[in-house]
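Student: I've just opened this one and I'm new to it. Could you walk me through how its labels are earned?

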Amino acid sequence: MKIFCIGRNYVDHAKELNNKVPSQPLVFMKPPTALLRNNDAFYIPEFTSDVHYELELVLKIKKNGKYIQPAFAKDYYESVALGIDFTARDLQSQLKSKGHPWEIAKGFDNSAALSSFVDLPKEKNIRFQLFKNGNLVQDGASQDMIFDFDSLIVHISKYFTLQQGDLLYTGTPAGVGPVNIGDHLVATLQDTSLLDFYIK
Ligand code: ZN
C-alpha cells in the first residue's frame, strides 16, 4: 500500500508558506508505517520542536490502474476520509533550504492520521474543517483545490501504478499551525466529526 500526498494544492496555503503556486501537482509519499488510525493519540517525536497539522481530504484508490485517462479517473475512487499530514516544519525548512528530500520531516512514524472512510458526498464541493481546542483553525472546500481529484489521479498514474487500497492525501488549505502536548484536534467533513484525538 502506498500513501501519496500532494503539496501546495490550495492557493491560500501555498502563499502562507511563501511557496509559488505550482503548475503541476507536487507529489510526495509517506510509508505505510506513517499511518495513525482509530483516533489514537499523536505523540510529538523528540527530533522536532515544531510539528504542524495539515488537514486534508484523503481518497482511497479502489482498483489498480496506470496511465489513467481523464474520462476514467472518477472510476478509481468512491470514498473519502479526513487525514492530517503531520509535518516537522523545522526539519522540513532546513531540508528545503538545502534542496534535500524532505521524507524525514513528512514520512515519520504516525505522521499520517487517518479517519474512517465514508461515501464521497453527492455535493460537488466538499467542506472540511479542523478545530484545535475548540477553535476553528482550518476551513477547507474541495472546490478551492488547484488540481482536482481527477487531475491528481491522472497525473500520479503517469509515474506510479495505482493499486487498490492506496491512499491519496490531496493537500491542505490555509491555516496550518503547530500542535503542542495536550491539544485536542477534531475534524469534520460536511459537519460530521470524523477525527477526534489528542496530542501527547
Ligand atoms: Zn500536506
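Tutor: Sure, let's start with residue classes: Ala, Val, Leu, Ile, Met, Phe, Trp, Tyr, Cys and Pro count as nonpolar, Asp, Glu, Lys and Arg as charged, and the others, Gly among them, as polar. By that rule, the lining of the largest pocket divides into 6 nonpolar, 3 polar and 5 charged residues. Keep in mind that this is a predicted model, where local features need pLDDT of at least 70, side-chain atom pairs count only at pLDDT 80 or more, and totals for chains, interfaces and linings use all residues. Residues are numbered from 1 along each chain as its sequence is written, and side-chain values use heavy atoms, with hydrogens and water left out.

Student: What makes something a pocket, and what makes it a cavity?

Tutor: On a 1 Å grid over the protein atoms alone, a cavity is a set of points where a 1.4 Å probe fits but cannot get out, while a pocket is an open set with protein on both sides within 12 Å along at least five of seven lines. Lining residues have an atom within 4 Å of a point. The largest pocket holds about 340 Å³ of space. Of its 14 lining residues, Tyr77, Lys124, Ser142, Asp148 and Phe149 are the closest to its centre.

Student: How many cavities of 30 Å³ or more does a search find?

Tutor: The whole structure gives 1. The largest cavity has a volume of about 110 Å³, a volume being the space filled by probe spheres set on the points, which are joined across faces, edges and corners. Its lining has 15 residues, with Gly7, Arg8, His13, Glu54 and Lys106 nearest the centre. α2 gives the most to that lining, with 3 residues.

Student: Which residues of helix α2 are called buried?

Tutor: Helices (H or I, at least four residues) and strands (E, at least two) are DSSP runs, numbered from the N terminus. Buried means under 20% relative accessible area, exposed over 50%, and partly exposed in between (1.4 Å probe, protein chains only). In α2 (residues 89-98), Arg89, Leu91, Gln92 and Leu95 are buried.

Student: Why do we say they line one face of the helix?

Tutor: Seen down the axis of α2, its buried residues fall within an arc of 155 degrees (taken from the directions from the helix axis to the C-beta atoms), so they line one face. On the other side, Ser97 and Lys98 are exposed. Right after α2 comes Gly99, whose phi is positive, near 75 degrees.
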